[in-house]
Amino acid sequence: MGGVGEPGGGPGPREGPAQLGAPLPAFRWEQIRPHNLPGDKWLVIERRVYDISRWAQRHPGGSRLIGHHGAEDATDAFHAFHQDLNFVRKFLQPLLIGELAPEEPSQDGPRNAQLVEDFRALRQAAKDMKLFEANLTFFALVLGHILAMEVLAWLIIYFLGPGWVPSTVTALILAISQSQTWCLQHDLGHTSVFRKSWWNHLGQQFVMGQLKGFSAHWWNFRHFQHHAKPNIFHKDPDVTLAPIFLLGESSVEYGRKKRRYLPYNHQHLYFFLIGPPLLTLVNFEVENLAYMLMCMQWRDLLWAASFYTRFFLSYIPFYSVSGVLLLFVAVRVLESHWFVWVTQMNHIPKEIGHEKHRDWTSSQLAATCNVEPSLLTTWFTGHLNFQIEHHLFPTMPRHSYHRVAPLVRALCAKHGLTYEVKPFLTALVDIVGSLRKSGNIWLKAYLQQ
């Protein structure tokens with residue numbers, strides 16, 4: 001690829017970065033678009049063109065995450081995922097191969113340039129309001145109340161014995177503790193607690209490993225893809241659920257192709273049997289262990305082992321081995337219900353389909369909605385009832401969501417975008433309704449062919 005009007009000349013994807021001090025080659029979007037193939041990836045950030053083909057495998061967030069933005073303007077995603085931009089730009093500099101031609105728009109495709117500009121102004125306003133600065137006392141209290149519940153659960157068994165009533169209460173308390181731990185490790189994974197990324201990563205490994213028994217790297221590998229391309233098939237792992245569940249556009253595809261692995265018109269019913277009860281206990285446990293072994297994340301494996309060691313040593317004096325296993329399964333099943341209902345009420349009822357190449361703001365709003373806030377709801381969901389704000393600003397500390405929300409609502413009103421807020425129970429019911437709707441769409445398409 002070459003400069004403007006020279007599609008055959010200039011530096012190509014294998015010819016290295018632009019020379020320091022030399023004029024940068026200028027590229028048109030039509031020259032950039034073809035570079036979205038395995039082993040051949042270009043990105044546009046702040047109107048500069050980068051060849052990430054070789055470097056993508058070394059990307060801390062994973063090659064899939066950065067690859068999902070291939071041949072796109074990734075400026076807003078770049079700002080959304082990174083706190084210290086100057087530090088990250090040092091890694092980008094060797095990958096620089098050119099810039100957009102002066103006459104080319106900053107965004108490829110039919111994107112609203114004014115919306116992009118207004119969103120960036122909003123983000124700067126949030127920075128000026130210091131909404132990206134974490135309150136460490138807040139997060140210390142979050143960690144403190146998690147540890148307090150862990151201790152309380154053990155004390156109940158210690159003083160009252162391993163009867164059915166104390167064991168049930170203990171399982172409920174541990175499930176709440178585990179649910180809140182998901183939220184805290186989520187904060188750390190998004191580097192929204194400490195100024196230094198290293199401290200966030202270390203904190204997440206402790207919380208995710210020692211307090212939950214999972215791999216921090218596995219979670220980030222999944223979750224960052226979800227944030228980059230929410231509700232996009234084959235880019236967001238959270239909605240690529242076929243052939244077990246069909247969501248959105250996959251319902252039509254499976255119906256037209258006469259695919260029937262399960263009775264999808266009844267998926268809203270079997271969801272209760274294999275969705276909330278088993279996600280954490282079965283799917284996450286297996287996927288997490290496989291990831292650690294295949295990717296050789298030995299440190300995460302040791303952290304996870306420390307959780308199981310602590311859990312069994314804490315309760316084996318009161319139960320048999322099978323009794324401790326039963327307690328563990330009960331806790332996992334209970335927290336799994338929390339995880340599925342709380343995390344999916346903001347996403348599954350929204351638009352789910354293939355890549356639309358929208359701007360950052362529009363893509364996040366199309367895939368998310370909020371739940372009406374209250375002290376109980378906000379605590380219970382770990383502030384994920386402010387899902388719109390979280391998706392627009394993933395590195396923002398959760399205690400700032402309510403302050404930025406009016407600004408986001410005003411931006412949506414200005415540009416005619418839907419800012420959806422639901423009552424808590426409505427949001428839960430909509431999960432089932434969305435599954436039923438997708439199943440009926442599949443059945444209709446299946447019968448019409």
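# Strands and cores, one question at a time

User: In S5, which residue is the bridge partner of Ala-26?

Analyst: Keep in mind that we're looking at a predicted model. Ala-26 belongs to strand S1 (26–27), and two bridges join S1 to strand S5 (residues 96–100), with the two running parallel. Look across to S5 and the bridge partner of Ala-26 turns out to be Glu-99.

User: In what order do the five strands of the open sheet come?

Analyst: The pairing in this sheet is mixed. S1 and S5 run parallel, while S2 and S3 pair in the antiparallel sense. Walk across the five strands and the order reads S1-S5-S4-S3-S2.

User: Which strands stand at the edges?

Analyst: Check the partners here. An edge strand in this sheet has a single partner strand, so one side of it is left without a neighbour in the sheet. That fits strand S1 (26–27) and strand S2 (36–37).

User: Is strand S3 largely enclosed or not, and how many of its residues are buried?

Analyst: Asp-40, Trp-42 and Val-44 point one way from S3, and Lys-41, Leu-43 and Ile-45 point the other way. In a regular strand, side chains alternate between the two faces of the sheet. Both sets are buried here. S3 is largely enclosed by the rest of the structure, because the number of its residues that are buried is six of the six.

User: In the hairpin of S3 and S4, which residue takes a positive phi?

Analyst: S3 and strand S4 (residues 48–51) pair in the antiparallel sense over four bridges, and Ile-45 stands opposite Arg-48. Two residues sit between the strands of this hairpin. The one with a positive phi, near 55 degrees, is Glu-46.

User: What about the hairpin of S2 and S3: which residue in the turn has a positive phi?

Analyst: Leu-37 has Asp-40 as its bridge partner in S3, and two residues lie between the strands. With a positive phi of about 85 degrees, the turn residue you want is Gly-39.

User: Which helix gives the largest share of the largest nonpolar core?

Analyst: That core has 26 residues, and Trp-360, Leu-392, Phe-393, Met-396, Val-404 and Val-408 touch the most other members. Several helices supply at least two residues each, including helix H5 (113–128) and helix H18 (401–415). The largest share is six residues, and it comes from H18.

User: Beyond its neighbours within four places in sequence, which residues is Val-404 in contact with?

Analyst: Val-404 is one of the core members that touch the most others. Setting those sequence neighbours aside, its contacts are Leu-122, Ala-126, Leu-131, Glu-389, Phe-393 and Met-396.

Key: Residues numbered from 1 in each chain as written. Predicted model: local features only at pLDDT ≥ 70, side-chain atom pairs only at ≥ 80, totals over all residues. Heavy atoms only, no water. Core = buried A, V, L, I, M, F, W, Y, C linked by side-chain atoms within 4.5 Å. Buried < 20%, exposed > 50% of the residue type's maximum accessible area, 1.4 Å probe, protein only. Contact = heavy atoms within 4.5 Å. Pairing = 2+ DSSP bridges.
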